[in-house]
Amino acid sequence: MSIAVTGATGNLGQLVVEALIGRGTRSSDVVAVVRNPEKAADLAARGIVVRQADYSDAAALEAALIGVDKLILISGSEVGSRLTQHTNIIDAAKAAGVGFIAYTSILGAQDTPMKLAAEHKATEDVLAKSGVSFALLRNGWYWENFTNDLTGVVERGALVGAGADGKIAASARADYADAAAVVVTTDGHDGAVYELGGDERLTYTELAAKISEFAGKPIEYQFVSEDVYRGILESVGLPAPVAQILADSDAAIAKGALDTESGDLQKLIGRSSTPVIEVLRQA
């Protein structure tokens, strides 16, 4: 059975490929769909099939998916262009005869207040109308989202955010990758909707305490408004539209948008999620 992974050299894509191999999929049965094949040289060296296709190139996508049985569609990173890109992939998969698509969406995609979810919701709707069997992997936040500036947080002694006392049921990126691998290597997932989140449902204050434990020094949570947080993100170089989306997402934490008690992640991967302290150590 041939399994394709889009964005296979990205942060999540690389881990999905590793999870597939780790769960017994032969290298020759994994198709890594990538924008730049040079970045996938290590994958090709291991016998993984590498095919070039940009999310915006419908013809290349169809060619890349010929002979593929199942597809893990990893959502694109270009906010504002993703619906068109995802539709290209879904259409290409259907034309190529792909039998099943697992799509990495976002928690509560159909009713969350997060602006970031709009393209996910629309993509889910396209999938539902496509006629191709599918499963929705509604991923929660990655703990790695909080490690990008870990050094700065430790140096400042403060974790800044707009999430108030909302809980974040995040998990390690590798846990979500493992869940995706399970869904395409086992049966019984057609039409399934998985709300995926970790065991630790932490507020920002509790997360700051975890970072403090890791760093061996006091780290406090500094709450700021959404507008102030957006300004902070812009001040460190993020484009205004990106800063706006991220600030909105952070503020949505206070409304419970990134919390879940579903247990779906744990059921799929057969274990507890990776503790945040382990993610901090790996960072």
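What follows is a tutorial dialogue on reading the sheet, helix packing and salt bridges in a predicted model.

User: Let's start with the sheet. How many strands form it, and in what order do they run?

Analyst: As a general idea, strands of a sheet pair through backbone hydrogen bonds, in either a parallel or an antiparallel way. In this predicted model, 7 strands form an open sheet with the order E3-E2-E1-E4-E5-E6-E8, and the pairing is parallel.

User: Which strands stand at the edges?

Analyst: Those are E3 and E8 (193-196). Each has a single partner strand, so one side of each is left without a neighbour in the sheet. As for twist, neighbouring strands of this sheet are turned by 20 degrees against each other on average, ignoring direction.

User: Can we zoom in on E4? Which strands does E4 pair with, and over how many bridges?

Analyst: On one hand there's strand E1 (residues 3-6), which pairs with E4 in the parallel sense over 3 bridges. On the other there's strand E5 (residues 100-106), parallel to E4 over 4 bridges. Lys 70 is a handy residue to click on: Ile 3 stands opposite Lys 70, and in E5 the bridge partner of Lys 70 is Phe 100.

User: And which way do the E4 side chains point?

Analyst: The general rule is that side chains in a regular strand alternate between the two faces of the sheet. Here, Lys 70 and Ile 72 point one way from E4, while Leu 71 and Leu 73 point the other way. All four names are buried, Lys 70 included.

User: What unit do E4, H4 and E5 make?

Analyst: A right-handed β-α-β unit. To trace it, follow the chain from E4 (70-73) through helix H4 (82-96) and on to E5 (residues 100-106).

User: What about the pairing of E6 with E8?

Analyst: Strand E6 (residues 133-139) pairs with E8 in the parallel sense over 4 bridges. For a marker pair, look at Leu 137, which stands opposite Tyr 194 in E8.

User: On to helices. At what angle do H1 and H7 cross?

Analyst: When reading a helix pair, check the axis distance, the angle and the handedness. The axes of H1 and H7 come within 8 Å and cross at roughly 50 degrees, which makes H1 oblique to H7. The crossing is right-handed.

User: How do H9 and H10 pack?

Analyst: Helix H9 (residues 226-235) and helix H10 (residues 240-253) pack at about 140 degrees, with axes 8 Å apart. You might be tempted to call that antiparallel, but that label needs an angle over 145 degrees, so H9 counts as oblique to H10. H9 passes H10 in a right-handed crossing.

User: Now the charges. How many salt bridges are there in the whole structure?

Analyst: The general idea is that side chains of opposite charge can pair when their charged atoms come close. A search of the whole structure finds 18 salt bridges. One of them joins Arg 46 and Glu 18, with the closest N and O atoms 2.5 Å apart. Arg 46 sits in the loop between helix H2 (41-45) and strand E3 (49-52), and Glu 18 in helix H1 (residues 11-22), so the pair ties together parts 28 residues apart in sequence. Arg 46 is partly exposed at 37% relative accessibility, and Glu 18 is partly exposed at 37% too.

User: What does Glu 78 pair with?

Analyst: Its partner is Arg 35, at 3.2 Å from N to O. Glu 78 lies in the loop between E4 and H4, and Arg 35 in the loop between strand E2 (30-34) and H2, so this bridge ties together parts 43 residues apart in sequence. Glu 78 is partly exposed at 34%.

User: Is Asp 175 buried or exposed, and what does its side chain meet?

Analyst: Asp 175 is buried, with a relative accessible area of 1%. Its side chain meets Arg 271 in a salt bridge of 2.9 Å, N to O. The two are 96 residues apart: Asp 175 is in helix H7 (residues 173-185), and Arg 271 is in the loop between helix H11 (264-269) and helix H12 (276-282). Arg 271 is partly exposed, at 33% relative accessibility. Salt bridges that share partners join Arg 23, Asp 175, Asp 178 and Arg 271 into one network.

Technical notes. Residues numbered from 1 in each chain as written. Predicted model: local features only at pLDDT ≥ 70, side-chain atom pairs only at ≥ 80, totals over all residues. Heavy atoms only, no water. Salt bridge = Lys/Arg side-chain N within 4 Å of Asp/Glu carboxyl O. Buried < 20%, exposed > 50% of the residue type's maximum accessible area, 1.4 Å probe, protein only. Pairing = 2+ DSSP bridges. Right-handed = clockwise from strand over helix to strand, strands pointing away. Axes fitted to C-alpha atoms, helices over the stretch in contact; angles between N-to-C directions. Parallel < 35°, antiparallel > 145°, perpendicular 65-115°, else oblique. Left-handed = near helix turned anticlockwise from the far one by under 90°.
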